[in-house]
Amino acid sequence: MTASLPCRSVVASLLLAVAIVGCSDSGPTATQGAGQAGGGSDVLFGFDVGFGSDDAKPTSDAGAGPVDAATAVDGSPDVDTGESGNGCDFPANPAPGEPGAACEQASDCDSSWCVDSPDGKRCSRTCIECCPTGWTCESAPGSDTVFICVSKLKALCRPCETDAFCDDLAKDALCVQTGAGGGFCGAGCIESADCPSGYACELAQGQQGAAKQCVRKDADCTCSPAAIAAGDSTTCSVSNDAGTCLGQRKCAIDGLTGCNAMTPIAEVCNDQDDDCDGQTDEGLSGQPCQQSNEFGACTGATTCDGLSAGCDAKAPAAELCNGQDDDCDGQTDEALSGQPCQQSNTFGSCPGTTSCDGAVLLCSAATPAAEACNGQDDDCDGQTDEGFTDTDSDGLADCVDPDDDNDGALDAADCAPLDLSIAPSATEVCNGKDDDCDGQTDEQDALGCQTAYADVDLDGAGDGSKNACLCKPTAAFPVLIAGDCDDGDKSVHPAATESCNGKDDECDGQTDEQDAVGCTKLYFDGDKDGYGDATLAQCLCAPTGAYSATAAGDCDDKVADVSPKAAESCNTIDDDCDGQTDEQDASGCSKHYVDGDKDGYGKPGSELCLCKPDATHVVTQAGDCDDADAAASPKQGEVCNGKDDDCDAVTDEVDAVGCTIYWGDADQDGYGKPSDTACLCKAKVPYTATKAGDCDDALANVSPAGKESCNGKDDDCDGSTDGVGAAGCNTYFVDADKDGYGDAYAPTKCLCAADGTHSALKPGDCKDDDKGVHLGATEACNNKDDNCNGVTDEQGAAGCTDYYIDNDKDGFGQSGASQCLCKALGSYTATQSGDCDDNAATTKPGAAESCNDKDDNCNGQTDESAPGKVTYYLDNDGDGWGVAGSSQVLCKPTGKYTAKNSGDCADSDSAVHPGATEIQCNNKDDDCQGGDACNTCAGSVCGGKCGSSSPAGTINGPCLIELIPGVCLIYSTKDCYCDGYCQTAGDCCPGYATCCK
């Protein structure tokens with residue numbers, strides 16, 4: 001795919017560069033050799049750029065040279081994002097310097113391009129055709145004609161705490177939350193094809209908003225080298241039922257650490273926020289609690305002083321008579337009052353109950369005393385007046401008993417004090433006694449009496465209203481039978497026969513009742529219609545109640561309108577009692593018609609007046625215009641079929657079933673006026689259009705099929721005039737800040753005129769909410785891309801400062817290697833120059849000179865006045881000993897000045913020096929102590945004195961020498977003869993033969 005822009009200008013090239021990186025304020029760092037186009041160092045699209053030496057300049061074969069003329073015109077190469085296996089990918093296992101290999105600086109890469117990636121700095125390459133997946137082909141730093149592969153997923157999967165952190169690394173990247181594990185940077189995407197393997201493009205939630213992001217699917221995010229180097233971190237949490245505690249995870253050398261959040265626990269009294277809710281020891285004070293023991297339970301409130309928990313409830317105690325609730329049961333001094341207690345002495349023991357007045361416990365018992373005849377239990381033994389006479393054995397001694405026979409009457413008022421059955425309060429009984437002591441015997445109403453009645457007419461039955469209860473009949477009340485209802489008429493009494501005479505002959509409370517002598521047969525007429533129920537008849541002296549009809553025949557005696565004389569009505573009743581119900585032409589009947597086609601409508605002229613349908617007359621509605629066609633009736637909807645379906649004498653009228661909506665189409669352009677419709681079985685002028693939407697039915701060129709043009713009309717009837725994309729429109733860009741430059745990445749509109757935010761005719765605004773930022777603006781040091789060239793605060797911006805290359809970060813840069821920058825960038829970090837060795841942080845102006853063969857302080861001299869210098873002596877023979885008086889003070893040996901010790905007396909003989917061993921009789925001062933020591937050992941015989949282990953003339957004995965008279969020393973352990981002749985040439989030391997005789 002070839003990317004191109006319509007404008008062949010420098011501006012177009014810049015816009016393309018911005019488009020390639022999405023106006024990012026940040027991105028991967030790229031370093032390259034100083035021989036590239038543009039030279040020096042710069043920041044492009046947020047890439048941190050540094051330069052190497054001329055030796056790192058790529059050849060034209062690498063694609064870094066000028067591109068062809070077609071590309072150079074608009075600054076955009078043929079770009080293909082590429083797929084795996086098509087030659088776009090970097091080597092699977094790159095060798096050092098190859099694309100994809102790790103790097104630290106430009107010189108590490110064969111291409112001289114070292115860029116940031118999610119896996120740390122990697123060597124890149126120039127691109128003309130394509131780049132690996134996840135990389136994009138973009139303009140190289142400082143050049144519009146050289147393009148290199150840069151990673152577009154730098155932020156992906158890096159631990160994060162804010163969206164701003166991710167957005168700073170890669171524009172539109174959010175800090176995507178993964179739950180308790182923390183947040184990890186995503187990458188802006190449109191579809192999953194925009195994401196690398198193992199990621200999917202999904203709507204994801206960040207810290208401040210949501211957007212589509214590349215999100216890790218098949219594994220957890222890990223720490224990239226860049227994340228480890230930066231020490232990236234993210235918040236995390238540990239949750240359980242007790243709460244949620246926050247912590248942090250961080251990228252360390254071994255990868256992402258675990259969450260350091262504490263595990264929440266239920267709050268305990270320890271002056272700590274155990275459940276991580278921001279409160280300490282909450283809910284532990286003031287809660288109900290108890291102190292319990294064998295006496296009860298006292299309630300209080302919990303306490304917490306930050307160190308220990310407690311309960312302020314008091315300890316329960318046994319209840320005391322003190323006005324307090326000692327055992328906390330809600331009662332005061334309970335069980336102390338009303339308890340059994342006793343007063344005792346020689347006469348006995350009296351029981352009582354305790355009482356508590358809140359201070360003193362008292363006993364209510366009486367004091368025991370000797371028993372006296374007084375009706376009291378004086379000695380509290382449960383007996384009263386024991387030992388005194390009780391004639392009636394009623395428990396009361398005679399001395400205190402006022403009723404000896406215990407009949408309830410005091411002896412003074414009792415007419416028979418010793419007869420228990422006789423007393424003024426006794427009931428008189430028919431027994432021939434004066435039971436109630438009133439002076440009369442068996443008087444009226446005595447117990448056991450009988451009711452006797454007066455009988456004036458002497459018919460043997462008495463008047464019930466005149467009676468008395470007597471022990472036996474008297475002249476005034478001679479009979480014991482009552483019931484005479486007329487005690488002045490001897491023919492009237494309970495045993496007489498009832499007759500129709502107006503009397504209650506038999507005294508049963510009724511007069512002339514049913515079946516009395518002389519009665520007439522009458523029928524029950526419940527509805528008072530003059531006809532009675534033949535099954536209900538009585539023989540009465542006169543009509544009584546409903547028995548009033550002398551004629552029978554009523555078939556419903558509950559309804560007055562039903563009788564042999566009534567007219568028949570439609571009511572499901574046999575009104576005239578003729579044995580038929582609701583017959584034809586009954587009152588209330590309705591016309592019923594024959595319905596041959598069973599469509600609910602009858603044939604006119606076939607009617608009968610019926611109370612309900614019969615076998616043929618089944619409907620009450622007429623009007624069927626075709627009683628042989630069930631589809632034709634007044635209830636049917638009209639159908640487009642050429643018939644009068646609804647029997648209204650009209651065929652296929654408007655709105656018939658199956659009709660088609662036709663719109664009025666005055667201009668005959670095929671589109672009708674929306675408000676003018678008719679549903680017809682077939683088109684009929686002016687209703688001929690089958691489509692609506694014509695907004696001007698007088699103009700045939702105006703309709704939904706019309707072509708919108710910039711002419712002030714709604715040509716296509718879409719509700720808008722001169723709409724987006726109308727013929728003759730111009731492309732307008734969103735210009736929110738009204739600076740005359742539009743947002744090249746916001747959707748454009750082709751409009752007839754500026755509309756709202758779409759008001760700019762030219763693009764080039766990379767920050768459309770800032771009027772001072774647009775293409776052509778003056779770049780200033782303000783952390784903005786003022787001129788929208790894809791670079792923020794680039795070299796030479798207004799307010800910039802001269803920064804020098806400071807590779808060793810010692811604060812001093814290389815003289816002559818500077819750029820005017822808004823802030824330190826790449827290797828350009830020093831604001832002071834003068835560093836004479838920019839690869840050594842200890843070498844800079846003002847540094848202390850040391851013995852290192854370097855000009856540490858950059859003053860043009862080496863190792864001057866360095867501490868730690870040593871005096872070295874001239875040592876020609878290299879024996880480590882020099883000549884006194886011939887020396888130099890140096891940081892290290894130089895030339896022949898190598899010896900730290902002096903005193904060599906023969907500097908041309910390496911065997912002679914102060915540390916050597918003097919050898920006898922060799923004409924040398926071996927140890928430089930003055931002269932040659934040569935002893936002749938006169939008079940001594942080594943073999944005799946010292947050679948006891950090696951007698952003279954024996955083999956394998958040690959060579960002995962007598963340097964000091966009388967002391968025989970082992971000079972050499974080489975095997976030799978004592979006469980000086982050695983077994984092997986040179987084994988015996990010089991001078992030996994002269995000493996050993």
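The questions and answers below look at the disulfides and one buried residue of a predicted model.

In this predicted model, local features need pLDDT of at least 70, side-chain atom pairs count only at pLDDT 80 or more, and totals for chains, interfaces and linings use all residues. Residues are numbered from 1 along each chain as its sequence is written, and side-chain values use heavy atoms, with hydrogens and water left out.

Reader: How many disulfides does the count come to?
Author: A disulfide is taken here as a pair of cysteine sulfur atoms within 2.5 Å. Cys103 and Cys114 form one of them, with S to S at 2.1 Å. By this rule the count comes to 40 disulfides.

Reader: Is the link of Cys109 and Cys123 right-handed or left-handed?
Author: The sulfur atoms of Cys109 and Cys123 are 2.1 Å apart, and the two residues form a disulfide. The angle about their S-S bond is -85°, and the link is left-handed.

Reader: Is Cys781 buried, partly exposed or exposed?
Author: Cys781 is joined by a disulfide to Cys822, with S to S at 1.9 Å. Buried means under 20% relative accessible area, exposed means over 50%, and partly exposed lies in between (1.4 Å probe, protein chains only). Because its relative accessibility is 30%, Cys781 counts as partly exposed.

Reader: Where is Asp232 found?
Author: Asp232 has 4% relative accessibility and therefore counts as buried. Helices (H or I, at least four residues) and strands (E, at least two) are DSSP runs, numbered from the N terminus. Asp232 is found in the loop between helix H4 (225-230) and strand E13 (233-240).
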